[in-house]
Amino acid sequence: MTFGEDGNGIRIGNTPRILASFTNAAITALRLAGKTNIAEAARANHADPELIRGYLK
């Protein structure tokens, strides 16, 4: 539960599916950047959001 999916209280319409899509996109971007430990990479990006720019090039 790296992204806290169960803690999200939004249950209306397509919102849960959209949030899951964003989570999957973030995980895919980390994997394409060569990250194997997704939890560690997510924490690093949370601490330094500028790291994300490097993944999106």
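**Exercise 1. Find the two sides of helix α2.**

Task: State which residues lie on the face of α2 turned away from its buried side, and then which residues are buried.

Solution. Step 1: in this predicted model, R43 and A47 are the exposed residues on the face of α2 turned away from its buried side.

Step 2: the buried residues of this helix are I38, A41, A42 and N45. Viewed down the axis of α2, these buried residues fall within an arc of 100°, so they line one face of the helix.

Step 3: a general rule helps in reading such a pattern. An α-helix has 3.6 residues a turn, so residues three or four places apart point the same way.

Step 4: the cover over the buried residues of α2 includes α1 and α3.

**Exercise 2. Examine the start of α2.**

Task: Identify which residue caps the N-terminal end of α2, and by what contact.

Solution. Step 1: the cap is N37. Step 2: a side-chain oxygen of N37 lies 3.4 Å from the backbone nitrogen of A39. Step 3: earlier in the chain, just after α1, G34 has a positive phi of about 90°.

**Exercise 3. Describe helix α1.**

Task: Compare the span of α1 with the expected value, then sort its residues by burial.

Solution. Step 1: α1 covers residues 15–32, which is 18 residues. From its first C-alpha to its last it reaches 26 Å, close to the 26 Å expected at 1.5 Å a residue.

Step 2: T23, I27 and L30 are buried in α1. Down the axis of α1, the buried residues fall within an arc of 60°, so they line one face of the helix.

Step 3: R17, F22 and L32 are exposed and sit on the face of α1 turned away from its buried side.

Step 4: the packing partners of the buried residues of α1 are α2 (38–47) and α3 (51–55).

**Exercise 4. Classify N45 and Y55.**

Task: Decide whether N45 is buried or exposed, do likewise for Y55, and list their contacts.

Solution. Step 1: N45 belongs to helix α2. The cut-off for buried is under 20% relative accessible area. N45 has 9% relative accessibility and therefore counts as buried.

Step 2: leaving aside residues up to four places away in sequence, N45 touches L30, L51, I52 and Y55.

Step 3: Y55 is part of helix α3. Its relative accessible area is 22%, so Y55 is partly exposed.

Step 4: with residues up to four places away in sequence again left out, Y55 touches L30, A33, K35 and N45.

Step 5: Y55 and A26 are 29 residues apart along the chain, and their C-alpha atoms are separated by 9.9 Å.

**Exercise 5. Summarise the whole chain.**

Task: Give the secondary structure of the protein, the percentage of buried residues and the accessible surface.

Solution. Step 1: the protein has three helices and zero strands, in the pattern α-α-α along the sequence. Step 2: of the 57 residues in the protein, 12% are buried. Step 3: the accessible surface comes to about 4700 Å², and 56% of it belongs to carbon and sulfur atoms.

Technical notes: Residues numbered from 1 in each chain as written. Predicted model: local features only at pLDDT ≥ 70, side-chain atom pairs only at ≥ 80, totals over all residues. Heavy atoms only, no water. Helix = DSSP H or I, 4+ residues; strand = E, 2+ residues; numbered from the N terminus. Expected span 1.5 Å × (residues − 1). Buried < 20%, exposed > 50% of the residue type's maximum accessible area, 1.4 Å probe, protein only. Arc of directions from axis to C-beta. Contact = heavy atoms within 4.5 Å. Polar contact = N/O pair within 3.5 Å; in protein donor to acceptor, adjacent residues only side chain to side chain. Areas by Shrake-Rupley, 256 points an atom, 1.4 Å probe, with all protein chains shown as cover.
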